[in-house]
Each structure stands twice: as C-alpha cells, then as structure tokens.
Protein chains: 2
Amino acid sequence: MADAVRALAIDAVEAAKSGHPGMPMGMADVATALFTKVLKYDAADPRWPDRDRFVLSAGHGSMLLYALLHLTGHAGMGIEELRRFRQLHSPAAGHPEFGEHPGIETTTGPLGQGIATAVGMALAERMLAARFGASLVDHRTWVIASDGDLQEGVSHEAASLAGHYGLSKLCVLWDDNHISIDGDTALSFSEDVLKRFQAYGWAVRRIDGHDAAAIEGAMAWAIRNRKPTLIACRTIIGFGAPTKAGTAGSHGSPLGAAEAAAAKELLGWTAPAFTVPEDLKTAWEAAGRRSAGTRRSWLKRLAKHPQGAEFDRAMAGRLPESWHEALVALRAKHAEEKPKIATRVASQKALEALVPSVPEMVGGSADLTGSNNTNVKGIPPIAPGNFAGRFVHWGVREHGMAAAMNGMALHGGIIPYSGTFLVFSDYMRPSIRLAALMRQRVIHVLTHDSIGLGEDGPTHQPVEHVASFRAMPNVCVFRPADAMETAECWELAVKRADGPSLLALSRQNLPALRSDTGENRCARGGYVLAEASGARRATLIATGSEVHIALAARDALEAEGIPTALVSLPCWEIFAAQDASYRDQVLGSALRVGVEAAVGMGWERWLGTDGIFVGMGGFGASAPAEDLYRHFGITADAITAAVKKRLA
Amino acid sequence: MADAVRALAIDAVEAAKSGHPGMPMGMADVATALFTKVLKYDAADPRWPDRDRFVLSAGHGSMLLYALLHLTGHAGMGIEELRRFRQLHSPAAGHPEFGEHPGIETTTGPLGQGIATAVGMALAERMLAARFGASLVDHRTWVIASDGDLQEGVSHEAASLAGHYGLSKLCVLWDDNHISIDGDTALSFSEDVLKRFQAYGWAVRRIDGHDAAAIEGAMAWAIRNRKPTLIACRTIIGFGAPTKAGTAGSHGSPLGAAEAAAAKELLGWTAPAFTVPEDLKTAWEAAGRRSAGTRRSWLKRLAKHPQGAEFDRAMAGRLPESWHEALVALRAKHAEEKPKIATRVASQKALEALVPSVPEMVGGSADLTGSNNTNVKGIPPIAPGNFAGRFVHWGVREHGMAAAMNGMALHGGIIPYSGTFLVFSDYMRPSIRLAALMRQRVIHVLTHDSIGLGEDGPTHQPVEHVASFRAMPNVCVFRPADAMETAECWELAVKRADGPSLLALSRQNLPALRSDTGENRCARGGYVLAEASGARRATLIATGSEVHIALAARDALEAEGIPTALVSLPCWEIFAAQDASYRDQVLGSALRVGVEAAVGMGWERWLGTDGIFVGMGGFGASAPAEDLYRHFGITADAITAAVKKRLA
C-alpha cells in the first residue's frame with residue numbers, strides 16, 4: 001500500500017515539474033502504518049472534532065499528505081486534483097495550505113512551525129478534555145517532522161514546553177534520513193537529537209522506518225507512554241529511486257522521466273501514471289473508514305452530553321450570547337470615571353470583563369505576566385498534570401508561544417491571547433504570518449509599545465514594529481489611545497474571527513479622552529475625536545499614546561485661532577476598509593499631520609506627500625519616557641510649531 | 001571585591017529608580033572571578049584585537065558590566081556615568097549598547113541574542129586564527145547567560161552550531177538562579193539543561209556560583225576542555241538582599257531604600273553610595289591591568305608579523321585597495337553580453353568577482369546553498385576541526401545564522417554574508433534588528449523574493465518582507481532588476497560599513513536592461529532607466545523583477561503616443577538620502593505608477609495619494625510564476641490599461 005503513495009508522489013511531482021518527491025517516498029511506510037492502522041479519523045468527516053490531528057511539519061513533502069487524503073477516500077482530493085498539483089486553484093498546493101482542503105490541519109512549509117503548532121493542538125486537547133471530559137475530547141496529535149524542523153529554534157521552544165507540560169498524547173515521527181538540501185546532514189548537524197529530547201522530558205525510540213512491524217510497535221509504544229514521544233524513523237530519502245535514493249538529488253526536484261520509470265520498476269509498480277489498482281484503492285478506502293464507528297458512537301455521546309451544545313458552540317468559534325455585556329458595562333464605567341491608566345492596565349480591565357464571559361479565552365505571557373497585565377484574578381494557570389486552567393506561563397519562548405497559539409486556534413474550542421513586549425513580536429513573526437495566512441483568531445497583547453517604555457532603551461523600543469505588521473496582510477493592528485479605546489479594540493479583536501489581532505499597548509499612564517457611551521467608535525478604525533471649531537485649517541491624526549499629545553496641540557492651535565481637528569486612528573486596516581466618503585470626511589482636506597512615536601513608514605497613505613509627520617526617524621534611546629519624548633521632538637509644542645510654520 | 005559590584009548595582013538602580021539589581025548581585029562572584037583572574041583584557045585598550053570577548057547575554061543585568069568596566073579602570077565609565085545609569089546620553093544605558101562604550105562588545109537585552117552572537121565571535125576567532133595564525137589570534141569568548149537566554153530558540157540553534165563546529169574556546173556561564181520574572185522557573189522550565197547541552201556536543205559542569213574556589217576551578221576546567229563548555233552556576237538572585245534575595249522581587253525593579261540599606265549592612269558594606277573604598281578600587285584596577293604585558297608582547301609580534309598590516313586592515317574594516325576591480329570588469333562584461341539570468345545567479349557572478357578580491361568575506365547558507373547561489377567555486381567550506389575555509393553550512397538555522405553573523409562582524413576581520421529565502425528573513429528579524437542598531441556590516445542574500453518563485457506558494461512568497469525591512473532604521477534593502485544592477489548593489493553593500501544590507505533577489509530569469517558602463521547608477525538609489533520621448537505624461541517606478549515588466553508597459557504606452565518614463569528604484573533608503581532636486585527630477589510631476597510584486601505599504605511616499613500602485617493586495621498562491629503574475633494582474637497590459645484609464 002505504501003507504494004501507492006510513492007507512485008502518486010512521483011507522478012504528481014513529474015507532472016508539476018517541481019516539488020519534493022524524496023520525502024513522500026522515504027516516509028511512505030511510516031505514513032501508511034499511521035493512516036491504515038493507528039490514526040483516528042473518518043474520511044467521511046475530516047472535521048470531526050475528536051479526530052486525531054495529523055501535522056505534516058515537513059510541509060515540502062506535501063504530496064505525502066495529498067496522496068494519503070486521496071487514497072483514503074476524502075472528497076475534494078480526487079485524481080484530478082493530484083494531476084493539478086502546484087497549479088493555480090488546486091487544493092494540492094506546493095505546501096499544505098489550511099483552508100484548501102478540510103483534511104489539511106495546518107499550513108506548513110516554513111520549517112519548525114508544524115511541530116510547534118502541533119504542541120498547541122496537543123495542549124488544546126488537554127485543556128478541552130479538562131473542560132468537557134474524556135467522553136468528548138480524547139484524541140492524539142501526530143507529527144511528521146524533518147531534520148530541518150528539529151534544527152529550527154522554535155522546535156526547541158515547543159519541545160521544551162511539551163516536555164514541561166507532559167503532553168503524552170503528542171508523538172513526533174522524525175524522518176531521520178540524514179539528507180538535507182545541501183547534502184548529508186552531517187555537514188551542519190551532529191547533535192544527539194534523542195538525548196536532546198530526553199532532556200526535554202520526552203520518551204524516545206529509534207526504528208527502521210521501512211520495517212512495518214517496527215513502525216507499528218513504536219506507535220503502540222508511543223500510545224502507552226506517559227511522556228511526549230519522539231520516534232526516530234531511519235529512512236532512505238527517495239526510497240525506490242535507483243540512483244537518487246539516499247541522496248539530496250531526490251529532495252527538492254522531480255526525479256526525471258527515466259529515474260521515475262526506473263523507480264516504479266524497482267518497486268514493481270506497473271499501473272499507469274495517476275492510477276491506483278482497484279484492490280489497493282479499496283483497501284485504502286477501507287482504512288479511511290476504520291474509525292467511522294467510533295465517530296458514530298462519539299456523535300451519540302455528544303447528543304446526550306449536558307455540555308454538548310456548549311462544546312459545539314466553542315468548537316464552531318461562535319461567541320456566547322452575552323459575551324460582551326460586561327465589556328459594554330466597562331465602557332460605560334470608563335466614560336464616567338475617566339481613568340488615567342496605561343492601556344496595558346486598561347487591557348487587564350477589559351480582560352476582567354471578557355474572560356469570565358468567554359470561557360474559550362485562554363491567556364498567557366512569555367514570562368512578563370505582571371508587565372503585560374494578561375492575567376485575570378480567579379482564572380488559574382494550567383500546570384503539568386492539571387489542565388483545568390486558562391492561563392499559560394509560556395516561559396521566555398515568544399516564538400513557541402505564537403506557534404502553539406496557532407495550534408490552539410486551529411484545534412478549535414479556544415481563543416488564545418498572548419502577552420509579551422511589542423518589540424519581541426519580531427521573535428513571533430513567522431508564526432503570526434501563518435496565523436494571518438490561515439486567518440486564525442489569535443490575539444497578541446503587545447505592551448511597552450514605543451519609546452514611552454523609557455529606560456530599557458532602544459533594544460526594547462519598538463519603533464518599526466507597528467509599521468511592519470501593518471504591512472502584513474490579514475493582520476489587524478490596534479493601538480488604542482486610552483482605557484475606552486482599549487475596551488473597544490478588545491471587543492473588535494475578540495469578535496474578529498478571520499485573522500489575528502495585535503494590540504499595541506502603552507507602559508505609561510494615559511489620560512482618558514472620551515466620555516461618550518454607546519457606539520464602539522473604534523469599529524470604523526478611525527474617527528474624529530475633536531472637531532475643529534471652524535473650517536479646518538489642520539487635521540491632526542494620531543494613534544495610541546500620542547493621541548493625548550496631539551489633543552494638547554490641537555487645543556493650543558485652537559487657542560491661537562487655528563481651527564484644528566483631531567482624528568484618532570487606532571486601526572488602519574479597519575479604517576482602510578471603510579468607504580472613501582467616510583475616510584475623506586474624517587481626514588478632511590486641510591493640512592494633515594500624523595503623530596506616532598514610531599517610524600513614518602506608511603503614513604503617507606493618510607498624510608499625502610504634503611503632510612507633516614511627527615514621530616521617530618530612527619531607533620530610540622535609554623532615558624525616562626518624558627525625556628525621550630522631548631529629545632525626539634514628539635511634543636504638543638513641536639506639533640503646534642510645525643503646523644504654524646507650514647500655515648504661515 | 002564582588003561586593004563592590006553589588007553595591008554599585010544597588011546604588012545605580014536605586015538612583016535610576018529602574019533596572020534589574022538581582023542579576024548583578026547574584027552573578028557578582030562569578031563575574032569577579034572572571035574579570036580578576038581569568039579574562040584576558042587590558043582596561044587601557046578595550047579594543048585590543050586579541051582580547052577575550054565577554055558577552056553579557058543577560059543584558060538586563062547591565063549594571064554588572066558597567067560596574068566591572070568602572071572598577072577595572074576603563075576610561076569613559078567613571079562614577080558620574082554610573083550615577084547617570086539609564087539617563088539620556090549616558091553610556092550606562094538600560095541595556096548594554098554597542099558603541100556607547102568600547103568595553104561593550106555587543107548590544108544585548110533581547111534574550112538569546114547574546115549567546116548566539118558569542119558563537120559567531122568564537123567562530124570568527126577560529127577562522128582568523130586559521131588565516132593569521134595563533135601568534136596573532138588566540139583568545140576566548142565568555143558569556144554570562146540567564147535562564148531566559150536558554151529558553152529562547154536561538155540558543156538552541158547557536159548551541160547546536162557551536163557543538164557541531166567544536167568551538168572549544170567558548171564558555172557559557174549560566175546564571176542558574178531558578179528565578180524568572182514570573183517567579184520560580186519551574187513554572188515553565190523543567191528541561192535538563194546540562195543534558196541538552198551535552199546532546200549538542202558540549203562539556204558541562206555544575207557549581208555553586210558563590211564559591212570562589214569552585215568558580216575558578218570550573219573556569220580552569222573550561223580552558224582545558226576540547227569542547228564548548230557550559231558551567232551551570234547555582235546562584236541566589238539578589239544575593240545579599242535580606243528579604244528579596246532568591247525571589248523575583250529582586251529581578252526587575254529597584255530594591256527600595258530600606259532593602260538596599262539592609263542589603264549593604266548584611267554584606268558589611270559601609271561606604272557611602274557610589275563610593276568604593278580605595279584599597280578595593282586599587283585591587284580592581286590592578287586586575288584591569290593583568291594582561292597589559294601580554295598585550296605589549298602581542299603588539300610586538302604584530303609589528304613583526306608578515307601579515308601584520310593585512311591583519312590590521314581586515315580588523316579595521318578597510319577594504320583592500322583593488323577590492324572592486326573584478327566587479328567593475330564584471331559590470332563591463334554584463335554591458336556587453338546582456339545576460340538573461342536570475343538575479344540570484346547574477347549575485348553568484350558578483351560573488352565570484354568579489355570573494356577572491358576581499359579575503360574577509362565569509363559566505364554561507366541556511367541549507368539552501370544551491371538555491372541561494374552564495375557559494376563560490378574554489379572557496380572551501382569550513383568544517384569541524386578545519387577553519388581554513390570561507391563558507392559556512394549553517395543548517396536550517398536562519399536565526400542562529402543571523403545572530404552569529406552579527407558576532408563575526410563585531411569580532412572584526414570578517415564581512416559575513418548569508419543565504420536564505422527572503423520569506424525566512426522573518427526568522428532572522430530580531431538579529432537583523434540588532435545589526436541595524438549596532439550598525440554592523442552584515443549582508444543577507446535573500447533569494448526567491450516574490451511570487452516569482454512560483455509553485456512553492458504563499459508560505460514561501462514574501463509579499464510583505466521588503467516593506468517590513470524598509471521600515472527598519474539603518475537597513476538598506478536592495479532589489480536589483482538585472483545582472484548589472486545586481487553587481488552594482490553588491491558593490492554598494494560591501495562598501496557600506498555602517499549597517500546591514502539585504503539583497504532581495506529573483507528565482508526567475510530576468511532580461512538585461514542596461515548596456516551602459518562606468519558609473520554605478522544604483523549608487524543614488526534610483527534613476528531614470530528610460531526617459532520619455534516627450535513631456536512626461538506618466539512615470540513608471542519599479543523595482544527588481546518588475547522593472548522589465550514596467551519597461552514593456554512603458555514601450556507600449558510610448559507606442560500609443562503617451563510619453564512615459566521608467567524609473568528603477570533598487571534601494572529606497574539611498575534614494576531617500578539624495579537631495580530633493582534629484583529625487584524630483586527622477587520621479588517627475590506626471591502621473592506616477594509604482595510596480596512591485598509585493599504589498600503597497602510605503603509606496604505612497606513616492607506615488608503620492610494620487611498615484612497608481614500595481615502589485616499585491618494580499619498573500620500569493622501556488623502556481624507557475626507566469627500564471628501568478630497574470631492572476632494577480634502584474635503585467636505590462638495591466639499597467640498600460642491602468643495608465644490609459646487614468647489619463648483618459
């Protein structure tokens with residue numbers, strides 16, 4: 001049966017004239033054992049919530065996954081799709097893309113991401129089992145990982161976390177083929193991988209990846225084990241290719257017609273291209289139905305379960321009916337009390353309203369809990385052996401945190417939110433990009449969001465990060481100006497089901513700017529916070545901690561008889577999606593002045609080339625915040641002077 | 001003597017009302033042993049090339065380093081500087097900042113970076129020793145690292161590399177204090193760190209970090225060892241503080257006046273704040289002169305060494321006299337032959353001209369050597385035990401590569417250049433940011449730079465990366481359009497001594513656009529590649545692989561009687577630094593149209609709000625490149641139609 005995987009992989013890569021045949025050919029035996037004997041899934045319902053998750057971390061071997069989905073009888077992955085491997089609109093894309101086919105659990109390709117995402121899936125399983133019980137949630141997470149996956153730093157962070165939390169239902173099948181694109185892995189890779197994973201608290205085993213009995217034995221061992229497991233599967237890359245097997249020549253390019261034909265001959269495969277003999281296809285499709293009975297029993301349990309409807313709701317990503325009542329009440333309270341607090345503290349207040357109302361929200365911090373204000377009183381953290389909590393101490397592992405959060409969101413039933421400093425969003429960027437590409441609801445709380453953090457200096461002052469994420473498609477960057485806007489932005493972030501949201505929050509206290517209640521004004525991305533007293537001569541446009549500075553400038557200009565409006569622009573992406581007439585009305589036709597304690601990249605979009613930008617021209621410095629704002633000229637006086645000079 | 005470090009750390013953090021006193025107090029004994037008994041340095045010349053390098057990876061404990069520099073008698077770190085800890089213009093910044101004081105070897109603070117940078121320094125030492133011999137290059141690299149450093153993924157990549165290459169002159173002193181900001185490290189960290197490092201091929205040892213004899217013994221053991229070494233120093237964070245020692249309370253905030261006074265009493269420290277008793281200061285300053293004789297002997301050897309002048313030149317970062325002759329010849333050849341090649345291949349040709357002429361250039365790739373085209377025939381790779389090469393197989397470790405490259409550049413004597421796909425620049429971003437902040441000459445070769453890579457799909461198509469690095473201060477992003485521009489951009493990147501350069505290069509072949517010789521036209525960042533035949537009605541502005549598409553559109557518009565100019569804009573940062581009159585002349589006042597197969601973020605700067613942008617609106621897709629360009633509407637026809645519609 002494994003040869004059917006090999007033959008399809010050869011054919012599809014040849015037809016596409018590009019792709020990676022070596023990995024599917026090498027791991028075909030392991031994958032066949034998994035999909036025909038071990039993995040709990042039902043091809044008739046690839047989204048069955050209690051299925052085992054399978055993550056192809058080595059995403060370049062995508063044909064392995066597509067061949068398995070095809071052979072096991074998944075709808076939507078017929079032979080025509082395989083023929084169109086790597087062609088426009090085919091679900092069989094170059095790398096597995098979440099959303100292209102329901103049997104694809106996550107997008108992989110950037111190495112290390114799959115294994116770290118799988119850790120999040122395994123963690124989600126434990127947390128949902130703690131919430132709903134083992135009768136609804138009891139499944140495993142299986143990963144096929146390459147040498148490259150294990151070389152990437154994020155694999156360290158994720159594996160260390162999995163060991164710490166004892167995620168025993170996670171099993172990584174390492175394709176230990178000794179070959180990477182540059183050649184023998186010994187060129188750059190000589191660590192003792194098994195010992196390293198043992199150090200993380202994993203159980204490890206080494207097998208011949210072409211020995212079916214050994215493979216099944218190891219998988220049974222993994223299932224029995226009380227630790228996360230790593231099975232080193234010694235394989236031959238390109239298994240079956242007469243001259244290219246065991247070499248980098250089979251890694252990243254088609255075998256070529258002659259080698260492909262010779263490989264099939266060697267394997268004894270006589271069927272024409274893209275054809276699987278009927279008896280083999282029948283056997284594969286039977287494997288795809290192996291767990292159908294298990295699924296039916298599970299559906300019956302779900303129907304009778306007291307929390308069945310709640311489980312369905314959480315897994316479907318629908319928010320509870322009254323999810324934002326407490327938040328609306330908090331906004332009313334802010335309107336009344338006008339608290340002068342940091343937006344990171346305002347974020348904590350928003351979380352205190354949200355987290356008790358939205359039981360699927362799970363928070364955390366990369367060892368900056370007190371600084372990020374992401375904890376909520378009365379909501380306990382999880383701990384090894386105790387998953388009945390809703391807060392994760394991720395350790396100093398931003399990248400692993402972000403990747404695992406993707407896995408939690410993909411698993412379903414959890415809305416994860418993080419905490420770290422905005423500057424360390426750089427560490428998470430590869431995972432945030434995948435969240436954006438997969439349109440997952442993950443929320444990152446990113447505090448200490450400008451030079452306003454003060455003394456920690458330029459290594460910690462994120463002058464370019466807001467711009468760099470505004471450049472990333474499908475991401476919403478929120479930078480609220482006060483407690484009210486923070487509550488509003490949190491509401492939008494939780495409601496946003498189709499992509500990640502970043503909240504850039506201040507360390508320093510900020511005055512309250514609004515006392516209106518009712519409408520969520522951030523819901524249009526930007527709005528006029530203070531209209532000019534007459535025909536506008538200038539419009540100040542600011543975000544976050546600079547809005548109150550711009551307000552002081554606006555008031556000073558008004559006092560000098562220069563009618564000036566102030567626009568708060570907490571979310572560019574939402575504002576850009578408003579109709580042009582609204583945007584034009586908000587921004588006006590008078591001189592436009594942007595104010596943000598960050599680089600000006602992208603501001604020309606709102607200011608035009610004639611506008612003025614008051615912000616940073618480079619990196620920050622170490623000093624108390626007020627000194628820095630003065631030093632870099634981001635003050636009401638500087639804004640006022642710049643406007644007057646231009647209008648003079 | 002260690003108490004002097006503790007007292008100064010207490011005083012400075014109290015005075016600044018912010019900072020991390022616990023780490024300097026905990027590691028004072030270890031650091032004192034290192035700086036008074038072991039480390040080879042001379043306070044009279046902190047830039048002595050053959051000094052041992054000391055990297056404070058746990059940069060938040062910056063007062064440890066400043067106290068050591070002060071006590072050992074380094075100029076420029078007097079008591080006044082310590083009093084101004086974390087104040088504007090003080091060299092004693094919140095975190096150690098390279099350039100603020102010559103005794104600061106690297107900027108640290110973002111965890112994991114220091115240890116990975118140190119691996120690059122240790123590698124540079126081995127490579128320069130292979131080139132110049134042990135009489136000129138024979139020093140060690142010492143690192144103080146925290147729990148957080150070891151949790152970060154980049155520490156895994158770097159430690160694995162150090163083990164692979166057997167960097168035995170690298171020693172990491174791990175501040176094993178069991179405390180992180182969130183509390184006990186056991187909250188999130190339960191791996192067996194020593195076993196993990198053994199798995200990487202390191203030698204490890206555990207000691208009491210407050211036992212002077214044990215510390216010195218372990219350092220002597222490290223010096224004798226033939227592997228990189230990790231010494232786990234069990235310490236008490238905030239050692240000496242009566243109630244906060246051993247707790248997170250001493251980690252990230254001042255002790256407070258009462259606790260500070262009680263700590264000094266407990267330590268038996270009676271001197272006033274910011275005062276070190278004379279006998280202690282004398283002993284410390286003697287320690288700072290310990291290696292003065294060694295340095296004088298070394299200077300004599302240097303003066304007599306046949307390669308002494310060459311060593312000086314390389315360490316000073318001055319290029320060889322005739323460094324670009326071969327490159328100029330290559331440009332002339334391109335003008336004549338007009339090769340239609342991918343810019344990644346053109347980059348290889350540029351390297352074939354440069355690398356033999358610039359012996360300090362050291363290349364590499366993160367396991368994509370054949371795809372990145374960063375290897376040069378006849379230039380061997382280094383290997384464990386053999387450092388007489390100039391190419392590094394970094395493995396699938398982009399982040400570790402970028403951090404180590406920073407270390408090589410900081411060490412001096414090496415101009416490192418990398419190779420990976422542009423999309424994986426995300427993995428390197430925290431290290432590239434530090435290169436920018438420290439203004440180091442590191443060059444990243446980033447191939448497969450747009451949807452033009454085709455079938456690998458959206459995970460591999462870097463639509464937002466060019467914009468995201470244009471947002472980062474001090475970085476030059478080069479995106480050349482053909483072989484000629486590639487040679488010119490390489491020339492600029494190598495010449496640029498004060499910051500990192502990124503080269504975004506195509507996978508696909510591109511036609512040659514220029515046949516002029518002489519002047520490096522990319523040296524102004526952008527230029528008119530084809531002037532309009534009459535008064536301009538439109539100016540097309542493009543970069544990289546879209547310039548030839550824009551040229552076809554320009555020719556079509558000209559053929560329809562619409563005088564149209566074409567501007568190539570390979571480096572925005574350099575173009576922005578030209579005087580306004582040049583920029584205005586290049587960009588013109590006619591309709592401006594930007595063409596780039598990437599998101600439009602930032603293009604308004606050149607196009608104004610009235611311009612047209614032809615590029616990507618979101619992520620890419622998996623298909624052959626030509627199909628994708630058509631699918632996303634980045635074609636000459638689309639540009640022509642958009643211009644005609646606007647002008648109609």
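## Two chains and how they meet

Me: How much area do chain B and chain A bury between them?
Reply: About 7,800 Å², with 58% of it on carbon and sulfur atoms. Buried area is the accessible area (1.4 Å probe) that two parts lose on being put together, summed over both. A word on the background: this is a predicted model, where local features need pLDDT of at least 70, side-chain atom pairs count only at pLDDT 80 or more, and totals for chains, interfaces and linings use all residues. Residues are numbered from 1 along each chain as its sequence is written, chains are lettered from A and ligands numbered from 1 in the order in which they are written, and side-chain values use heavy atoms, leaving out hydrogens and water.

Me: How many residues of chain B are in contact with chain A?
Reply: 96 residues of chain B are in contact with 96 residues of chain A, where contact means heavy atoms within 4.5 Å.

Me: Why can we say that the copies meet through the same surface?
Reply: Because 100% of the interface residues of chain B are also interface residues in chain A.

Me: What makes the pair A:Asp456 and B:Arg86 a salt bridge?
Reply: The term asks for a side-chain nitrogen of Lys or Arg within 4 Å of a carboxyl oxygen of Asp or Glu. In this pair the closest N and O atoms are 2.8 Å apart, so the pair fits the definition. The rule finds 6 salt bridges across the interface of chain B and chain A.

Me: What kinds of residues make up the side of chain B that touches chain A?
Reply: They divide into 37 nonpolar, 37 polar and 22 charged. Here Ala, Val, Leu, Ile, Met, Phe, Trp, Tyr, Cys and Pro count as nonpolar, Asp, Glu, Lys and Arg as charged, and the others, Gly among them, as polar.

Me: How do you know what relation links chain B to chain A?
Reply: A rotation of 180° with 0.0 Å of shift along its axis superposes chain B on chain A, with RMSD 0.0 Å. That is the relation of a two-fold axis. The fit is by least squares on the C-alpha atoms of residues with pLDDT of at least 70 in both copies. In chain B, the C-alpha nearest the axis belongs to B:Gly153, 1.9 Å from it.
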